[in-house]
Amino acid sequence: MVCSMRRLAVAATLPLILAATELAAQFPTSPPAPLRLEPAPFPPFTDTTFASGLRLIVVTNPKQPVISVTLAVPAGSYVDPLGRSGLAELAAGLMTKGAGTRTAEQIAATMEGVGGSISAAAGSDFLTVESAVLLNDRQLAFEMLADVVLRPTFDNGELELLRKQTLSALALERSQPEAIASRAFARALYGDHAYGRRADETSVGAITRDDLVNFHATHVQPSQALLVVAGAIEAPEALALATATFGAWSGRSPTLPVGRPAPQRARTEILLVHRPGSVQSNIVVGNTTWMPNDARGYALTVANQVLGGGSDSRLFTILREQKGWTYGAYSGVTRGRQMGSFSATAEVRTEVTDSALVEMLSLMRQMGAGGVAAEEIERQKLTLTGRFPLLTETAAQVASQVANARLLGLPTDYVQTYRQRLAAVTREQVMTAARAGIRADAALVVVVGDGTKLAAPLAAIAPVMMVDIEGKPLVAGDLVAKAVTLDLDFARLAPAADSFTVMVQGQPFGFQLTSLEREGDGWRSRERTSLGPIIQQQTEVRMGADLAMRAIRQTGTFQGNEMKLDVTYANGKASGEGMTPGAGGRMQPVKYVDVDAPAGTIDDNSLQALIPFFKWAPDARFTVQVFASGKGVLEQRTLRVLGSEAVTVPLGTITAYRVEYAGGDAPGTYWVEAARPHRVLKFGPAGAPLEFVRVR
């Protein structure tokens with residue numbers, strides 16, 4: 001019976017197998033050849049130059065009932081005066097925050113009321129303002145753009161608000177390895193050239209309203225401006241609207257000297273930015289390239305796509321998929337008005353930093369040495385040419401592409417012929433461009449990570465220069481943990497207790513209680529924090545009479561997960577274990593034994609309780625050596641007075657020092673009473689809609 005059933009099953013299955021085999025034979029076993037590349041269906045352009053020098057380009061595209069109006073002037077950060085880095089960015093940020101007779105709120109309400117938008121931004125070379133609306137509101141788009149470009153008010157209140165936001169963002173950047181690496185790379189790559197400068201707290205703090213007014217009067221002029229109108233509008237109507245709103249605009253922007261080119265390196269050099277305690281390293285490798293209209297740009301674009309342009313590139317495939325060293329590794333090329341650059345990046349574990357760098361340099365070297373097959377190049381060319389139409393689907397995208405090409409001095413048919421020129425690139429051209437534009441043996445390498453673990457292995461690859469995150473040179477001896485002086489006014493140490501309400505977007509969300517108490521021959525700081533279901537935390541730090549750390553105990557929950565930490569300090573060492581939130585909020589175990597915590601070091605959990613006892617003054621700046629007990633690493637934190645202002649809290653309106661707090665993973669701003677006893681009035685973490693406000 002069993003044998004009969006088996007024969008029946010085989011008999012029933014056999015026709016299905018034969019049918020499936022015959023069906024499969026009807027399908028191809030290899031992908032079809034790509035279709036012939038057709039020119040991108042770009043709408044016609046019209047190009048008009050006004051007597052003032054303003055150029056108007058109209059791209060009529062009736063597919064959707066929208067228009068985009070974009071005006072750009074060569075007034076990016078490149079023109080920022082020395083000591084005023086960030087001026088162009090602040091000017092752009094304020095142009096839509098009050099113009100003509102409208103306030104910032106009125107501009108926003110007017111544009112939102114018609115479903116439109118208006119924005120302004122400044123890059124390295126250009127300041128750009130863009131307005132986008134439905135076709136019926138095209139006149140409003142031109143009028144609003146003209147107000148913003150020609151008649152910004154640069155309101156003092158808006159300036160101070162934007163300054164605070166900018167300073168907060170800069171403080172946050174100092175805690176982000178990627179941002180630290182980007183700044184260090186630009187500074188080292190471009191040298192004295194303006195492309196290497198970046199806004200910092202000092203330059204942003206020095207900018208006045210007069211600076212903004214003078215910047216606008218000097219650089220926002222029609223002589224080199226470009227106005228691009230794209231969308232469902234015919235050229236004659238666009239010209240009429242542009243004439244009505246910008247026809248009377250006159251003035252010439254100054255001819256700026258071309259900056260001194262950055263020096264070419266004769267060998268690969270490594271700049272190691274010491275970030276104590278980092279468990280990962282951020283690597284940036286690159287070099288300057290050439291002017292934007294260099295014919296080799298097409299071939300270099302293809303070479304970059306092969307090397308690191310996407311998740312199927314060599315850097316990503318090898319460093320992530322094969323080696324498992326990183327979540328992603330990429331490369332890119334930039335076109336600047338005065339010079340371009342190439343860079344490759346990866347974030348890797350500290351222990352594989354040297355191996356990852358060797359692999360990155362090897363992959364870069366292969367690009368110009370014939371190590372790339374023609375088939376790989378053709379595949380990536382198809383990726384680039386196939387992607388381009390997706391970047392020119394909307395009126396705003398078309399306007400952006402056209403404006404960028406014109407501003408960089410590229411050929412007038414650059415956008416229309418871009419895909420064909422990419423498709424025509426040969427393997428030999430790719431290798432030639434790569435040898436000139438991807439220089440593995442004469443590259444700048446920036447590594448942000450823990451210098452105590454990286455200096456020696458990196459030195460085996462190339463010469464190493466070491467700096468701190470501010471760019472100050474370091475030597476090997478600077479990496480050794482040393483005893484420091486805790487610069488407090490010990491005579492004023494006294495028991496204290498404070499209560500804070502935690503505000504989220506202006507609404508109460510929780511509380512924090514802090515205290516400093518005497519305990520035997522020493523001191524004890526306590527903190528209890530409640531942020532609804534997110535955080536419930538209690539912390540006790542025990543210290544000696546001279547505030548030498550003795551122990552810390554922390555308990556609580558984070559997003560419902562138990563967290564705890566027990567640390568003891570003795571003889572300049574710290575040992576601890578527990579469970580604490582890590583990257584992405586995931587709980588992770590912590591355990592370390594006899595990690596350096598020399599004299600003068602304080603536990604990071606005790607810092608807020610000790611803030612009142614620093615020697616506060618209008619120009620005070622303190623560098624504090626802390627032990628981040630949740631990670632088991634030694635770090636530097638800085639407290640710097642940026643100025644004084646009246647702060648209103650439930651206790652009243654009190655004159656306070658505005659103090660930048662930097663370093664670690666949670667930078668922010670403290671407001672500290674200017675008068676004794678210098679209690680903390682308020683604290684705002686950078687980049688979060690959160691404030692701790694003292695209530696008693």
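This is a short walk through one predicted model, from its open sheet to its loops.

Let's start with the sheet. Six strands form an open sheet, and the order is β1-β2-β8-β3-β7-β6. The pairing is mixed. At the edges stand β1, residues 45-49, and β6, residues 117-122. Each has a single partner strand, so one side of each is left without a neighbour in the sheet. On average, neighbouring strands here are turned by 15 degrees against each other, direction ignored.

Now look inside that sheet. Strand β2, residues 55-60, pairs with strand β8, residues 226-231. The sense is parallel, over six bridges. To place the register, find V59: A230 in β8 stands opposite.

What packs on the sheet? Take helix α9 to begin with, residues 235-246. α9 lies across β1, β2, β3 and β8. Its direction runs at about 145 degrees to β2. Then there is α14. That helix touches β1, β2, β3, β7 and β8. The direction of α14 makes about 150 degrees with that of β8.

Next, the cores. The largest nonpolar core has 73 residues. Those with the most contacts inside this core are L71, L127, L212, L227, F246 and V446. Which helix gives the largest share of this core? Helix α4, residues 138-150, with eight residues. A second, separate core has 70 residues, including L226, A303, L315 and F388.

L127 deserves a stop. Leave aside its neighbours within four places in sequence. L127 is then still in contact with a list of residues, among them L71, V73, A88, M95, A122 and F215.

On to helix α15, residues 414-423. Which of its residues are buried? They are Y414, V415, Y418, R419 and L422. Note the arginine in that list. Seen down the helix axis, the buried residues of α15 fall within an arc of 140 degrees, so they line one face. And what do they pack against? Three helices: α10 at 297-308, α13 at 374-387 and α14 at 395-407.

Two of those α15 residues turn up again among the aromatics. Ring pairs link Y414 and Y418 with Y298 and F388 into a cluster. Across the whole structure, a search finds 17 aromatic pairs. I'll show two.

The pair to begin with is F316 and Y330. Their ring centres are 5.6 Å apart and the planes are at 50 degrees, so this pair is tilted. The two rings sit 14 residues apart in the chain, F316 in helix α11 and Y330 in strand β11. Buried or exposed? F316 is buried, at 6% relative accessibility. Y330 is partly exposed, at 38%.

The other pair is W616 and F622. Here the centres are 5.1 Å apart and the planes are at 85 degrees, so the pair is edge-to-face. W616 is buried at 9% relative accessibility, and F622 is buried at 6%.

Now the strands further along. Strand β18, residues 522-531, is mostly covered. Eight of its ten residues are buried. β18 pairs with β17 in the antiparallel sense, over nine bridges. In that pairing L513 stands opposite R528. The β17-β18 hairpin has two residues between the strands, and G520 takes a positive phi near 60 degrees there.

β18 also pairs with strand β19, residues 535-543. Again the sense is antiparallel, over nine bridges. R524 stands opposite R542 in β19. This hairpin has three residues between the strands. In it G532 takes a positive phi near 50 degrees.

Last, the backbone oddities. Most residues other than glycine have a negative phi, and most peptide bonds are trans. Where are the exceptions?

Q505 has a positive phi of about 50 degrees and is not a glycine. Q505 sits in the loop between β16, residues 496-504, and β17, residues 507-519. Q505 is exposed, at 67% relative accessibility.

H678 has a positive phi too, about 55 degrees, and is not a glycine either. Its place is the loop between β28 and β29. H678 is buried, at 6% relative accessibility.

That loop between β28 and β29 also holds P677. A cis peptide bond joins R676 and P677, with omega about 15 degrees. So when you open the model, look at P677 in the loop between β28, residues 668-673, and β29, residues 680-685.

How values were computed. Residues numbered from 1 in each chain as written. Predicted model: local features only at pLDDT ≥ 70, side-chain atom pairs only at ≥ 80, totals over all residues. Heavy atoms only, no water. Core = buried A, V, L, I, M, F, W, Y, C linked by side-chain atoms within 4.5 Å. Buried < 20%, exposed > 50% of the residue type's maximum accessible area, 1.4 Å probe, protein only. Helix = DSSP H or I, 4+ residues; strand = E, 2+ residues; numbered from the N terminus. Contact = heavy atoms within 4.5 Å. Arc of directions from axis to C-beta. Pairing = 2+ DSSP bridges. Axes fitted to C-alpha atoms, helices over the stretch in contact; angles between N-to-C directions. Phe/Tyr/Trp six-rings, centres within 6.5 Å; stacked < 30°, edge-to-face > 60°.
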